[in-house]
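Student: I'd like to go through this model with you, one question at a time. Can we start with the helices and then move on to the rings and the cores?

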Amino acid sequence: MLRFIFVIIMNLFRAPYIIPKMRKESMHPERYSEEERYNLCRHVVRLMKCSGKIHTKAFGTENLPQESGYIMYPNHQGKYDALGIIHTHRQPCSIVMDKKKSNTILVKEFIDLLQGKRLEKDNVRQALEIINEVAADVAEGKRYILFPEGGYEFNNQNKVASFKAGSFKSAFKAKAPIVPVALIDSYKVFNSFTFKKITTQVHYLKPLYYEEYKHMKTAEVALLVEKQIQEVISANTALLVP
């Protein structure tokens, strides 16, 4: 949390320019292309990374599908998770986020720029609408970040919680590739009490294509993706142990 406050303070002088610019571009998608809006998001992330001494390494970017839309399913560790993915993911993507957490300053601007979906967790009807909207977007070639854990624990030490089967319904409906994403040490960025340089990792795993999972149940897919991500995290964090 100290680093989060530090990053905000270090960038306060940019706020009168950056925030209105983000709002302007998000309000006029007819004037600013998806690429332009996404590049602005990435620019803001770069500013935050530089001022916060945050370094993020990407692995497996060659695994990302080139010819279609897809949904990325990462483990969830903290506020930096989506930012780390956006920084390492060159093609425009969007996100599904808890509505209650999506309307704070800067977060709101990010979600609006990305034309993200705000999910009301306790509203079943609205959740079904979001599932269908995401599926339609992905079928048309859009890319999304969707956290199947639904939330995260403070300082979770790279532990992966159970993935919710319902998170994968959009992929089934769109018959789209599922891209597991393993985030390592992302929780340290804004949840640790240090100002030292922090390095996080984003691992893009091999996609699971519709032909591979169409005969599976959503619960089976959720368990498979969870297991793949946990294996990558375990393998890479084990290397850090003396």
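**Helices, rings and cores**

Student: Which helices do the buried residues of α2 pack against?

Tutor: Keep in mind that this is a predicted model, where local features need pLDDT of at least 70, side-chain atom pairs count only at pLDDT 80 or more, and totals for chains, interfaces and linings use all residues. Residues are numbered from 1 along each chain as its sequence is written, and side-chain values use heavy atoms, with hydrogens and water left out. Helices (H or I, at least four residues) and strands (E, at least two) are DSSP runs, numbered from the N terminus. With contact meaning heavy atoms within 4.5 Å, the buried residues of α2 pack against α3 (34–52) and α5 (107–113).

Student: Which residues of α2 are buried, and why do they fall on the same side?

Tutor: Buried means under 20% relative accessible area, exposed over 50%, and partly exposed in between (1.4 Å probe, protein chains only). In α2, the buried ones are Ile-18, Ile-19, Met-22, Glu-25 and Ser-26. They sit on the same side of α2 because, going by the directions from the helix axis to the C-beta atoms, they cover an arc of only 135°.

Student: Which residues of α2 are exposed on the other side?

Tutor: An α-helix has 3.6 residues a turn, so residues three or four places apart point the same way. Turn α2 over to its other side, and the exposed residues are Pro-16, Tyr-17 and Met-27.

Student: Leu-113 lies in helix α5; is it buried or exposed?

Tutor: Look at the neighbours: leaving aside those within four places in sequence, Leu-113 is in contact with Met-22, Glu-25, Ser-26, Arg-37, Leu-40 and Cys-41. Its relative accessibility is 1%, so Leu-113 counts as buried.

Student: How many aromatic pairs does the structure hold, and which parts does the pair of Tyr-73 and Phe-168 tie together?

Tutor: Rings of Phe, Tyr and Trp (its six-membered ring) pair if their centres lie within 6.5 Å; planes under 30 degrees apart count as stacked, over 60 as edge-to-face and the rest as tilted. The structure holds four such pairs. Tyr-73 and Phe-168 have ring centres 4.1 Å apart and planes at 20°, so they are stacked. The parts tied together are 95 residues apart in sequence: strand β2 (residues 70–74), with Tyr-73, and the loop between β5 (143–145) and α7 (169–174), with Phe-168.

Student: What is the angle between the planes of Tyr-80 and Phe-190?

Tutor: Tyr-80 is in the loop between β2 and α4 (81–88) and Phe-190 in helix α8 (residues 187–191), 110 residues apart. Both Tyr-80 and Phe-190 are buried. Their pair is edge-to-face, with 6.2 Å centre to centre and an angle of 80°.

Student: Which element gives the largest share of the largest nonpolar core?

Tutor: A nonpolar core is a set of buried Ala, Val, Leu, Ile, Met, Phe, Trp, Tyr and Cys residues joined through side-chain atoms within 4.5 Å. The largest has 36 residues, and those with the most contacts inside it include Met-22, Phe-110 and Phe-190. Its largest share is seven residues, and they come from α3.

Student: What do the buried residues of α10 pack against?

Tutor: In α10 (residues 218–238), the buried residues include Val-221, Val-225, Ile-229 and Ile-233. The face turned away from the buried side carries the exposed Leu-223 and Lys-227. The packing partners of the buried residues are β2, α7, β6, β7 and α9 (210–213).

Definitions and conventions:
Expected span 1.5 Å × (residues − 1).
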